[in-house]
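Student: I've got a structure to go through and I'd like to talk it over. Can you show it to me, and then we'll take it piece by piece?

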Amino acid sequence: MKHKVLIMTDSTSDLPKKLIDQRHIVSVPLYVNFSDEIYRDGIDLTTEELYKKVEEKGVLPTTSAVSPGDFIKVFQKYVNLGYDIIYIGIGSKLSGTFQSAVIAKDEVEPQKIHLIDSLNLSSGIGLLVLKACDFRDQGLNALDIKDKVEKLVPLVRSQFAISTLDYLHKGGRASGTAKLMGTILGIKPIIKVVDGKLDVYKKPAGKMSRALDIMLTDFFNEIDNLDLDYVFITHSLANRQAVYMMDKVKEKVNVKHLIEGQAGCVIGTHCGAGTIGILYIVNA
């Protein structure tokens with residue numbers, strides 16, 4: 001018997017719309033707020049529009065979590081349609097969204113809703129979502145999918161080079177950025193997700209290409225230990241650098257799905273334009 005399993009995520013997973021549609025994924029938006037203007041991430045506002053507004057207004061927006069009410073609506077809809085739901089969204093240490101999902105699950109039907117804390121963000125979530133889709137397509141039930149995906153959570157590697165520190169510093173999400181502000185001009189810090197939080201990993205100075213090469217070297221050092229199903233090069237309007245990184249990966253590694261991800265508005269609010277990263281899963 002084929003199990004009716006729905007894979008759900010939120011807008012911070014930065015999955016391309018085409019993939020969301022192809023893989024039958026449901027994505028719930030977080031919010032971006034410019035004082036009294038509230039936008040649903042990726043629905044009412046694009047990343048390009050976000051940066052334009054920041055320039056026009058001279059202030060950074062705030063972001064807010066998916067509310068329990070939003071989750072209740074979407075959970076109820078799919079439970080009523082007979083689905084077991086697996087939700088994999090932004091890590092619980094980075095947003096209140098996961099807690100909202102916990103509240104909503106208990107309101108709707110706890111046995112039918114399975115929550116996985118990605119302890120990650122952006123395509124670090126996307127990797128887990130796509131693996132969950134693969135397990136669903138293999139015919140696994142929701143509990144088995146949850147078990148398999150949770151084992152992958154600590155094996156996800158997410159790192160980003162930041163082009164401008166303003167966004168990250170003002171957003172207050174990464175430890176160690178305060179010390180970098182105003183120290184050496186031209187630092188392009190590499191931020192890594194460690195145990196569900198953002199940490200400054202390396203602090204290359206000079207051109208952005210140095211930071212890209214450091215991330216690529218780390219990736220190639222794992223060459224014998226990579227899960228080659230999916231690798232993401234994800235960025236916020238860093239198209240040229242993305243082409244460079246994609247080409248370098250293709251030269252050395254035969255990845256089944258090498259995907260270019262674009263950071264959405266919530267991730268963009270915290271990292272700024274020009275940010276780029278490489279995200280992948282290593283084998284246990």
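Tutor: Sure, with one term up front: a salt bridge here is a side-chain nitrogen of Lys or Arg within 4 Å of a carboxyl oxygen of Asp or Glu. Keep in mind that this is a predicted model.

Student: Okay, how far apart are the closest N and O atoms of Lys-93 and Asp-195?

Tutor: The cut-off for a salt bridge is 4 Å. Lys-93 and Asp-195 do form one, and their closest N and O atoms are 3.3 Å apart.

Student: Which parts of the chain does that pair tie together, and how many residues apart in sequence are they?

Tutor: Lys-93 lies in the loop between strand E6 (84-89) and helix H4 (97-108). Asp-195 is in the loop between strand E10 (190-194) and strand E11 (197-202). So the pair ties together two loops, and in sequence these parts are 102 residues apart.

Student: Does Asp-195 count as buried or exposed?

Tutor: Its partner Lys-93 has 40% relative accessibility and counts as partly exposed. To be exposed, a residue needs over 50%. Asp-195 has 56%, so the word is exposed.

Student: How many salt bridges does a search of the whole structure find?

Tutor: In general, side chains of opposite charge can pair when their charged atoms come close. The protein chain has 35 positive and 34 negative charges, and their mean positions are 3 Å apart. For the whole structure, the number of salt bridges found is 13.

Student: Which residue forms a salt bridge with Arg-23?

Tutor: The closest N and O atoms of this pair are 2.7 Å apart. Arg-23 sits in the loop between H1 and strand E2 (25-28), while its partner is in helix H5 (residues 123-137), 111 residues away. That partner is Asp-134.

Student: Is Asp-134 buried or exposed?

Tutor: Buried means under 20% relative accessible area. Arg-23 has 13% and counts as buried. Asp-134 has 18%, so it too falls under the cut-off and is buried.

Student: Which residues are linked with Arg-23 in a network of salt bridges?

Tutor: We've already met one of them, Asp-134, as a salt-bridge partner of Arg-23. The network links Arg-23 with Asp-134, Arg-136 and Asp-137.

Student: And where does Lys-131 lie, given its salt bridge with Asp-227?

Tutor: The side chains of Asp-227 and Lys-131 meet at 2.7 Å, N to O. Both residues are buried. Asp-227 lies in strand E12, so the pair ties together parts that are 96 residues apart in sequence, and Lys-131 lies in helix H5.

Student: Switching to backbone angles: what is the phi of Asp-14?

Tutor: Asp-14 is in the loop between strand E1 (5-10) and helix H1 (17-22). With a relative accessible area of 4%, it is buried. It is not a glycine, yet its phi is positive, at about 55°.

Student: Leu-237 also has a positive phi; how does it count by accessibility?

Tutor: Leu-237 has a phi of about 55° and is not a glycine. It is found in the loop between strand E12 (226-235) and helix H10 (239-252). Its relative accessibility is 36%, so it counts as partly exposed.

Student: Which residues is Ile-223 in contact with, leaving aside its neighbours within four places in sequence?

Tutor: Ile-223 is in the loop between helix H9 (208-221) and E12. At 34% relative accessibility, it counts as partly exposed. Beyond those sequence neighbours, its contacts are Lys-252 and Val-253.

Student: What is the relative accessible area of Gln-159?

Tutor: Gln-159 lies in strand E8 (residues 156-161). Leaving aside neighbours within four places in sequence, its contacts include Ile-190, Met-215, Ile-276 and Tyr-280. Gln-159 is buried, and its relative accessible area is 2%.

Student: Zooming out, what is the radius of gyration of the protein chain?

Tutor: The chain has 11 helices and 14 strands, and its C-alpha atoms fill a box of roughly 55 × 50 × 30 Å along the principal axes. With 284 residues, a compact globule would come out near 19 Å. The chain's own value agrees with that: 18 Å.

Student: Last one: what percentage of the residues count as buried?

Tutor: The chain exposes about 12,800 Å², with carbon and sulfur atoms supplying 51% of it. As for the residues, of the 284 in the chain, the share that counts as buried is 54%.

How values were computed:
Residues are numbered from 1 along each chain as its sequence is written. This is a predicted model: local features need pLDDT of at least 70, side-chain atom pairs count only at pLDDT 80 or more; totals for chains, interfaces and linings use all residues. Side-chain values use heavy atoms; hydrogens and water are left out. Helices (H or I, at least four residues) and strands (E, at least two) are DSSP runs, numbered from the N terminus. The radius of gyration is taken over C-alpha atoms; the globule rule is 2.2 Å times the number of residues to the power 0.38. Buried means under 20% relative accessible area, exposed over 50%, partly exposed in between (1.4 Å probe, protein chains only). Accessible areas come from the Shrake-Rupley method with a 1.4 Å probe; for residues, only the protein chains shown count as cover. Lys and Arg count as positive and Asp and Glu as negative; His and the chain ends are not counted. The place of a charge is taken as NZ of Lys, CZ of Arg, CG of Asp or CD of Glu. Contact means heavy atoms within 4.5 Å.
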